[in-house]
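Reader: Could you take me through a close look at one loop here, then follow on from there to whatever else is worth a stop? Keep it casual, but tie the pieces together.

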Amino acid sequence: MASPYLPIREIGEIPLVREGETFQSITDRIARVTEDKTPRNWWIAFGISLCFLGLLGVCVGYLLWEGVGVWGNNSPSYWGWDITNFVWWIGIGHAGTLISAILFIFRQKWRTSINRFSEAMTIFAVMCAGLYPGIHVGRAWYAYYMFPVPNQMSIWPNFKSPLMWDIFAVSTYFTVSLLFWYVGLIPDLATLRDRSMNPRRQKVYGFLALGWRGSNRAWQHYERAYLILAAISTPLVLSVHSVVSFDFATSVLPGWHTTIFPPYFVAGAVYSGFGLVMTLMLVARLIYGVKSIVTTQHLELMCKVMLLTSSLVGYAYAMEFFIAYYSGNTWERAWAWMRITGPYWWAWIPMVGFNAVLPQLFWFKFFRTNLAALMVISILVNVGMWFERFVIIVGSTYHDFIPGSWGYFRPTIIDIGTYAGTMGLFFTLFLLFLRWLPMIAIAEVKGVIPASDPHGEEGHEYHSNEGGAHDPDLEPVPGE
Amino acid sequence: MSDDNEKKTEEKKVAVVPKAKPSEKADIAAKNTDKHKAGEYVLREGNTWANAWKFAAGVGALGLALSAAGWMNDPRRFAFSYLFAFMAVLTPALGTLFFVLQQHLTSSGWSVTIRRTAELFASGLIVFAILFLPVWMTRAKLFPWVEGGEAARAEVGHGEAAATHTTAAELAQPATGQDEAPGQRRPQHEPAGAEMTGPGADHAPHAEHGPGAHEPVLNANERGEHGDPEELEAEHTVHLKRGYLNEGFFGIRAIVYLAIWAWLGFAFLGRSTKQDTTKDPKITVGLRRFSCAAVYLFGFTLTFAAFDWVMSLEPLWYSTIFGVYVFAGCAVSAYALLILVTMGIRSSGVLVKEINVEHYHDMGKLMFGFVVFWAYIAFAQFMLIWYAAIPEEVQFFHLRWDHGPWATVSLALIGLNFIVPFFLIISRNTKRRLGVLAFGSAWLFIMHIVDVYWLVMPNFGQDGFNVSWIDLVCLLGVGGAYLAVVLYRMSTTPLIPIGDPRLQRALQFENA
């Protein structure tokens with residue numbers, strides 16, 4: 001009888017990697033990206049990114065020269081775009097760890113096609129985020145105050161402060177994500193080394209591959225290390241954004257202080273992370289010809305994760321508003337009402353619209369498989385998430401307890417420039433990654449193709465390339 | 001074979017073969033039919049489990065009869081004890097419904113053989129529609145926001161000695177800040193203090209209800225007498241919530257929740273047993289879709305039921321995460337329950353191969369995950385409320401901390417519902433040693449009951465903390481009635497979904 005792990009077509013299951021892919025073709029497809037001549041479009045994109053990176057340098061330089069006054073932050077909103085962007089970037093970083101750690105533990109094999117890509121994204125996003133607290137302190141040469149180092153008066157930072165916890169949370173997250181990413185890269189770096197004809201490449205990739213020989217023993221250690229790192233990363237997925245949410249929720253400010261913040265922030269973070277993975281993956285699929293590895297099924301599954309996390313975010317919005325009413329507390333009710341009718345109503349509409357309402361379209365297969373729709377929605381997801389952070393940060397502070405000090409936050413050109421600049425930083429790093437490192441985990445994807453199925457003896461004929469003409473995405477699924 | 005090798009093998013096994021031959025496309029479910037006859041998985045006459053429902057029914061009947069006696073004897077105690085018992089049994093039952101939803105949502109193969117047990121337990125949710133009636137009838141004694149609740153208070157006031165009210169009144173004081181000891185608080189609350197020491201039956205009852213004692217039901221004279229600004233403020237706040245906290249809407253909501261749960265329980269079991277005979281794979285696809293919509297219904301009904309039946313016991317208190325907290329308890333207790341029940345069934349010689357150590361390993365992992373989730377949610381709720389120390393919020397923890405025995409229970413929840421089980425079931429070894437896993441599950445299930453007790457009973461107020469025989473008989477009554485229905489149905493239904501197209505995957509499942 002057939003292996004129970006065969007896809008059951010009667011209930012809509014299809015293979016993870018498109019039929020026709022072999023060990024050889026997967027290695028070729030992915031490794032070639034780093035070996036062929038750099039395409040012209042890459043140079044164009046890289047040039048644009050570098051311009052924005054330069055803009056970041058200018059904005060940060062001006063900030064350091066002139067002081068935080070160049071930003072729009074002012075009484076009563078002492079946190080503005082800086083913290084908004086910090087939270088936004090940190091959030092985006094969450095998809096990588098979720099995909100590599102949590103989906104790994106849940107045996108979701110489809111993660112193999114997208115994990116490398118999103119782990120890289122995580123690291124670059126956390127780098128962008130990490131910039132903000134450093135420059136936000138105003139006098140950047142005192143940035144070490146954030147760390148648990150006593151100053152010249154032997155005064156330690158306040159360990160009861162969530163800002164302090166943030167330092168620990170974010171730096172741990174960055175370290176573990178980097179290790180996880182790098183450990184996963186080792187076998188693939190060795191593949192690049194072995195394929196290379198160029199001595200310089202051989203040396204560099206050989207150095208980075210840490211002497212990987214692909215022996216059984218090496219694989220055993222590798223898998224053990226991978227599992228341990230996944231186990232360590234899993235609580236990190238939850239803890240980092242929970243701690244970020246504590247920055248707000250430990251206060252007594254209506255709109256900030258609410259007990260659902262930790263899981264709500266985590267859900268939002270995963271949601272925005274998947275949004276950006278989707279956006280970038282759609283582009284990469286087109287340009288680098290990896291459609292047979294990142295199939296429509298992967299995109300659909302990512303849509304479902306976004307639908308889930310968006311619904312959790314929607315649940316949190318609903319709870320916030322319900323409890324604001326239910327509390328009977330004047331201030332709680334006031335902030336809720338001001339969110340909708342106050343001067344920042346224009347930020348609240350995209351927040352709810354793009355985060356809680358729009359992804360509900362993913363209930364329909366049409367939207368999950370229509371690439372244009374996916375592109376638009378995935379970008380709007382991150383627009384919505386940016387507005388969410390803006391609404392939480394500015395929308396809760398501009399009306400404080402004393403009506404006399406109410407204000408209205410306006411960003412300056414430097415705020416905008418810094419934000420655009422971090423995008424430049426992100427894309428510069430990301431393009432370098434695409435150019436020099438395998439964007440898909442070659443070794444892991446091979447594990448999910450039929451040829452690596454030890455029960456495959458009853459279906460040898462399907463391991464050849466002959467099935468290539470058959471496209472499972474186009475096959476109608478019974479019952480759909 | 002070392003773990004690593006096992007893991008690699010498994011990883012490869014899950015890998016897929018591209019295309020089924022036209023001949024292989026023949027109904028895979030049909031193959032299941034040949035191997036699995038329905039009769040094989042129905043409990044036989046002589047099996048202990050086939051008759052277990054009679055025992056449960058007996059315990060339930062006895063428990064409910066004694067509960068009725070408790071109602072006669074001490075109506076207010078009964079009201080709280082019964083609500084505790086109702087919630088303690090309802091939460092794992094809802095958790096089993098969540099288990100079913102979860103397996104369909106994720107298209108799980110490994111869990112198919114366990115799913116039927118969960119379906120059976122979820123189908124028993126209809127019982128709560130009847131079991132809810134005493135809660136509805138005693139609402140005036142339970143919920144301080146119920147208008148006309150003073151009748152209940154007068155009733156209580158009679159039987160109780162005035163001395164006991166000191167502690168109750170102490171508990172009843174709204175907290176003003178986390179750093180104050182209860183003793184320091186008194187001078188700041190002159191009026192409340194006066195009420196505490198003042199004689200007269202009409203003062204005492206206010207104290208009975210914990211912080212919820214601040215009621216909108218005082219008559220004008222009483223207001224004039226006391227003039228307690230805090231009480232007036234509280235009264236006004238409760239008044240502002242009237243749009244939600246009123247008896248009519250409360251009743252309608254309860255009907256909606258109970259009807260939805262009963263319907264979902266029936267729907268999943270019904271479709272699944274239909275598949276036992278038809279072997280139609282389309283049912284699996286249909287249930288996957290249905291579970292998407294169902295999980296929304298589940299999430300919102302569970303949340304608002306938690307708000308209505310537990311959170312509103314202290315009408316001034318609120319916490320946006322409270323629904324999630326109750327949900328976490330549902331999930332942990334359901335996993336514990338399913339592990340224990342399936343192990344029990346196995347001990348009678350059925351399902352020994354169908355549910356094996358591989359499945360328990362996975363169940364253990366998920367139970368472990370939800371234990372950590374519970375701790376995460378509980379910590380988020382506690383830490384944020386403690387840190388901000390807003391009086392309306394922090395009263396919840398004062399009520400569970402300022403009085404010695406409740407503080408012990410609070411600490412026990414941290415230690416025994418998180419730290420001990422965390423280390424007990426974190427290891428692969430203990431999850432695969434069924435005796436240890438069963439011990440851990442029983443432990444967690446009992447701690448879940450303690451958790452529910454900790455949520456409900458502090459609001460009873462009298463004496464701060466006391467355990468009554470009524471608690472126990474109510475628990476036996478509600479639990480017995482629910483189990484009787486579930487076990488009866490279990491005795492007539494195949495114990496695994498023999499028509500499920502993924503059945504083979506569960507039967508051949510091996511863990512990484």
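Author: Let's start with A:Pro76, which you'll find in the loop between α2 (40-66) and α3 (81-92) of chain A. Keep in mind that this is a predicted model. What catches the eye in this loop is the peptide bond running from A:Ser75 to A:Pro76: it is cis, with omega near 0 degrees.

Now zoom out to the chain that holds this loop. Chain A has 16 helices and zero strands. Its radius of gyration comes to 24 Å, close to the 23 Å that the globule rule gives for 480 residues, so chain A is as compact as a globular protein of that length. If you lay the C-alpha trace of chain A along its principal axes, the spans are about 80 × 55 × 40 Å. Of the 480 residues in chain A, 60% are buried. Take the contacts in chain A between residues at least 6 apart in sequence: 81% of them join residues at least 24 apart. As for the outside, chain A exposes about 19,300 Å², and 70% of that comes from carbon and sulfur atoms.

For a view of the inside, go to A:Ser233 in helix α8 (residues 216-249) of chain A. Why does A:Ser233 count as buried? Its relative accessible area is 0%, and the cut-off for buried is under 20%. Who sits around it? Leaving aside neighbours within four places in sequence, A:Ser233 is in contact with A:Thr97, A:Ala101, A:Val176 and A:Phe180. The side chain of A:Ser233 also has a polar partner: one of its polar atoms lies 2.7 Å from the backbone oxygen of A:Leu229.

Just ahead of that helix there's another loop to check. A:Leu210 is in the loop between α7 (199-208) and α8 of chain A. Phi of A:Leu210 is near 55 degrees, a positive value in a residue other than glycine. Unlike buried A:Ser233, A:Leu210 is exposed, because its relative accessible area is 57% and the exposed class starts over 50%.

Chain B has a loop residue with a positive phi too. That's B:Ser107, in the loop between α4 (75-105) and α5 (112-123) of chain B. Its phi is near 50 degrees, and again this is a residue other than glycine. B:Ser107 counts as partly exposed, at 24% relative accessibility.

While you're in chain B, have a look at helix α17, residues 281-309. At its start, a side-chain oxygen of B:Asp280 reaches to within 2.9 Å of the backbone nitrogen of B:Lys282. Further along, α17(B) bends by about 30 degrees at B:Cys292. How does its end-to-end distance compare with what its length should give? At 1.5 Å a residue, the 29 residues of this helix should span 42 Å, and the end C-alpha atoms are 40 Å apart, which agrees.

Last stop: B:Asn511, in the segment after α25 (503-507) of chain B. This asparagine is buried, with a relative accessible area of 3%. For a partner from elsewhere in the chain, pick B:His361: the two residues are 150 residues apart along the chain, yet their C-alpha atoms are separated by 7.6 Å.

Technical notes
Residues numbered from 1 in each chain as written. Chains lettered and ligands numbered in written order. Heavy atoms only, no water. Helix = DSSP H or I, 4+ residues; strand = E, 2+ residues; numbered from the N terminus. Expected span 1.5 Å × (residues − 1). Bend = angle between axes of the 7 residues up to and from the residue. Polar contact = N/O pair within 3.5 Å; in protein donor to acceptor, adjacent residues only side chain to side chain. Rg over C-alpha atoms; globule rule 2.2 N^0.38 Å. Buried < 20%, exposed > 50% of the residue type's maximum accessible area, 1.4 Å probe, protein only. Contact = heavy atoms within 4.5 Å. Areas by Shrake-Rupley, 256 points an atom, 1.4 Å probe, with all protein chains shown as cover.
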